[in-house]
Amino acid sequence: MLFNCVNPLLLAVETAAPLDPPVDPEVATNLSPLILVAVLMALVVIYLASRVAGEIAVRLSFPPVLGELLGGVMVGASVLGLLVFREGQVSGEELQTLAHSSTLMQFLQATAGLSEGSLTQVFSAQSEIIDILSEIGVIILLFEIGLESDLSELLRVGPQAAAVAVIGVAVPFLAGTLGLLYFFHVPAIPAVFAGAALTATSIGITARVLAELQKLTSPEGQVIIGAAVLDDVLGIIILAVVAGLAKNGEVNLTDIGIIIISAVTFLVGSIVLGRLLSSYFVALLNSLKTRGNPLLPALVLAFVLAYIGQIIHLEAILGAFAAGLILAETDKRQELEEQIKPISDLLVPIFFVCVGAKTNLAVLNPAIPANREGLVIALFLIGVAIVGKLAAGFGVFAKPGINRYAIGVGMIPRGEVGLVFAGVGAASGVLSDALDVSIIVMVIATTFVAPLWLRGVLVREEPTEADPVQSDELDASETPSLLDLQTEVTEQDRKDSSAGIPADFPDPERVGMPER
């Protein structure tokens, strides 16, 4: 049954990226067991990398997510070459080269009887399946984040989150675009494209750090999550604008208007309707008697909203996040939080390891002449990327005592979102090699630096168990004087006498105990 399910996927992969020679349906049937084995081996590599690197990170007091990202880099094409992915549309010859560069494919070829002609086809299907599992992992992550978030608090910090999002989009975009235009003399459309790549925030990476530190429901955590969600929406709109510029040299205002209306309607409508209908949903859950409740019906809701978000040209993760917010308002919240954890532990590491595995460290090598110009531009973009988001943190208003610095740091990572911009730009032919390298380096730097930085900021702000100065002052103010003690003893003797107990009467609990 499972083998038969793999066949259509292999044929679909071949349609998206034609192979040379094309896949024959009969050959696809014979390759199904090998595709299954390839996927299983890839999952073995992913889980080992995430656990080993995560454990090392924790023991070194680093965030586990940083370990998972670094574990992905180690097993990716940059180091061991166990996990190799195709990016965008590639020719049959390029796909064959990628397949041969995969150490895992070479291992399968040697141990599972994988023939030379089948290598590319198995590699394509395996890469596609792991990518799909990675996307499901980030959907589960955002559903879990929604469950752990407080909708009332998110609405309360809505204006602050909006201010952070707008500043965090506008400042990097303008500074990056203008800097590339005037300092590096980059043409207008590529400069706009690179500036747009600076705007987005990777909600998955930041949210994972906040969850690990139990800071999701803090004021800082809620502002960061709210602003990151709005950043995603604004980033999609900007991507639509710059993609239009790349293709036609002009912006289609109708398409942009549709995206804006869809985003507002979807986010507001799903939450409002969810709150109105949540009581009926809970009643339905209470009436179900089979195993898997309430998790499976909750996941159905999350996947339906993710589907709607995707087909209206938003992101599937926004739908999953909205579903989590809706269910967080019900009395099933705690039960769902417990039941989603094993699913999250199974799928979410796939996403983070894949992000690390897709990181191409070769672009950091200054010995390659083509990289040098890109590295210089990358230093500029990294500076703009960091300063622009730090400035956004200080856009929070009417919130005395909130850590604006932590909010700014939490908005820094670009992650997979920045890679999407780079991929679209490279596929359209707008970005030069140097500019493409610089965007990738910026994404690498912000993705790996931000989790560690955010953890340091949030842990440092936590009060210690005993402040020495405060303890001394407390002891001094609460230590009774000798006169106070004497007065207390006299008062206790008076009470004992009035109760008929002589003052020198022995303690009942010590009767029969020899004097020392």
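This report looks at one long-span helix and the salt bridges of a predicted model.

## Basis of the model

Local features need pLDDT of at least 70 and side-chain atom pairs count only at pLDDT 80 or more, while totals for chains, interfaces and linings use all residues. Residues are numbered from 1 along each chain as its sequence is written, and side-chain values use heavy atoms, with hydrogens and water left out.

## Helix H8

Let's begin with H8, which covers residues 158–182; helices are DSSP runs of H or I with at least four residues, numbered from the N terminus. Its 25 residues reach 36 Å from first C-alpha to last, close to the 36 Å expected at 1.5 Å a residue (1.5 Å times one less than the number of residues). Among the buried residues of H8 are Gly168, Pro172 and Gly176 (buried is under 20% relative accessible area, exposed over 50%, partly exposed in between, with a 1.4 Å probe and protein chains only).

## Salt bridges

There are nine salt bridges, each a side-chain nitrogen of Lys or Arg within 4 Å of a carboxyl oxygen of Asp or Glu. In helix H15 (residues 333–357), Arg333 and Glu337 sit four residues apart, so about one helical turn separates them, and their side chains meet at 3.2 Å, N to O. Arg333 is partly exposed at 23%. Also in H15, Glu338 pairs with Lys341, with the closest N and O atoms 3.4 Å apart. Salt bridges that share partners join Arg51, Glu68, Arg208 and Glu212 into one network.

Within that network, Arg208 and Glu212 meet at 3.3 Å, N to O. Arg208 is buried at 15%, whereas Glu212 is partly exposed at 30%.

Key. Helices (H or I, at least four residues) and strands (E, at least two) are DSSP runs, numbered from the N terminus.
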